[in-house]
Amino acid sequence: MIYEPELIDVYEAGERYGLKVGTIHQWIRRGKLARAQAPRRHIPNGRPRILVDVKALQSLLTGRQRSQSSPS
């Protein structure tokens, strides 16, 4: 079975999961989250839309919640 990622725009991901778009961009810069660029027909105002995989974002959030709830 081939894994087909469910890609969503970073702005939609921010709204869906209650995250700031800047946080998602920072995770991409730090290599915690992979990104994909939308095809040319989806580029509004000449700026490429950055897409992220929903499952990767969910697993990152799950790990983040575990680390915040576990005692140090």
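This tour moves from the whole chain to its sheet and then to a helix that packs on the sheet.

The model is predicted: local features need pLDDT of at least 70, side-chain atom pairs count only at pLDDT 80 or more, and totals for chains, interfaces and linings use all residues. Numbering starts from 1 along each chain as its sequence is written, and side-chain values use heavy atoms, with hydrogens and water left out.

**The whole chain.** Begin by selecting the protein chain and colouring by secondary structure: three helices and three strands are present. From the N terminus, their succession is β-α-α-β-β-α. Helices (H or I, at least four residues) and strands (E, at least two) are DSSP runs, numbered from the N terminus. Of the 72 residues, 28% are buried, that is, under 20% relative accessible area with a 1.4 Å probe, protein chains only.

**The sheet.** Next, select the three strands, which form an open, antiparallel sheet in the order β1-β3-β2. Two strands pair if DSSP finds at least two bridges between them. Strands β1 (7-9) and β2 (36-37) stand at the edges; each has a single partner strand, so one side of each lacks a neighbour in the sheet.

**The pair β1 and β3.** Select β1 together with β3 (residues 50-53): three antiparallel bridges join them. Within this pair, I8 lies opposite V52 of β3.

**Helix α1.** Finally, add residues 10-17, helix α1, which packs on the sheet and touches β1 and β3; contact means heavy atoms within 4.5 Å. The direction of α1 makes about 90° with that of β1. Axes are lines fitted to C-alpha atoms, for helices over the stretch in contact, and angles run from 0 to 180 degrees between N-to-C directions.

Note on methods
Buried < 20%, exposed > 50% of the residue type's maximum accessible area, 1.4 Å probe, protein only.
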